[in-house]
Amino acid sequence: MMMQFLKMRWLFNRRVGLTLFWLILLGVVAFTLNVLGIRLAGGIQSWMAWIKDHALIFLLWRLALYGAVGYGWWWMRQRVIQREQETSTDNTKQISSKNRFIRIEISAICTLLVLEITNWFS
């Protein structure tokens, strides 16, 4: 039993700790903003009405955020593909990495579409 625990040492490194810290911090901030919004609006029903009234602004914010993330992804993708072309002479590795990128991009776009569609109709 102890040996299995020691083999999972990769799970408890600094990067995982920082990621968990930021995720927990983000959750606490989101929770706090919702509680403050409910109190300022006068109740949950008023808060939900305010959110519905400002749905277009939130949509524009999300679209701007998606655009910024998309630009960052495109920039990173170009760098990775260029680096693989410089270091690899095998053409099949370049093709497989491009295929991996395409699969990731299709998955991300489908996920965002499903989230936005369900958000729009809820």
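This is a short conversation about reading the helices and aromatic pairs of a predicted model.

Colleague: Where do I start, and how many helices and strands are there?

Modeller: The model is predicted, so local features need pLDDT of at least 70 and side-chain atom pairs count only at pLDDT 80 or more, while totals for chains, interfaces and linings use all residues. Residues are numbered from 1 along each chain as its sequence is written, and side-chain values use heavy atoms, leaving out hydrogens and water. The protein chain has five helices and zero strands; helices (H or I, at least four residues) and strands (E, at least two) are DSSP runs, numbered from the N terminus.

Colleague: How is a pair of aromatic rings described?

Modeller: By the distance of the centres and the angle of the planes. Rings of Phe, Tyr and Trp (its six-membered ring) pair if their centres lie within 6.5 Å; planes under 30 degrees apart count as stacked, over 60 as edge-to-face and the rest as tilted. This structure holds five such pairs. One of them, Phe 21 with Trp 22, is edge-to-face, at 5.4 Å centre to centre with 75 degrees between the planes.

Colleague: What about Trp 47 and Trp 50?

Modeller: They are stacked, with 5.4 Å between centres and 10 degrees between planes. Both sit in helix 3 (residues 44–53), three residues apart, which means about one helical turn separates them. Ring pairs also link Trp 47, Trp 50 and Phe 58 into a cluster.

Colleague: Is Trp 47 buried or exposed?

Modeller: Buried means under 20% relative accessible area, exposed over 50%, partly exposed in between (1.4 Å probe, protein chains only). Trp 47, at 14%, is buried, whereas Trp 50, at 38%, is partly exposed.
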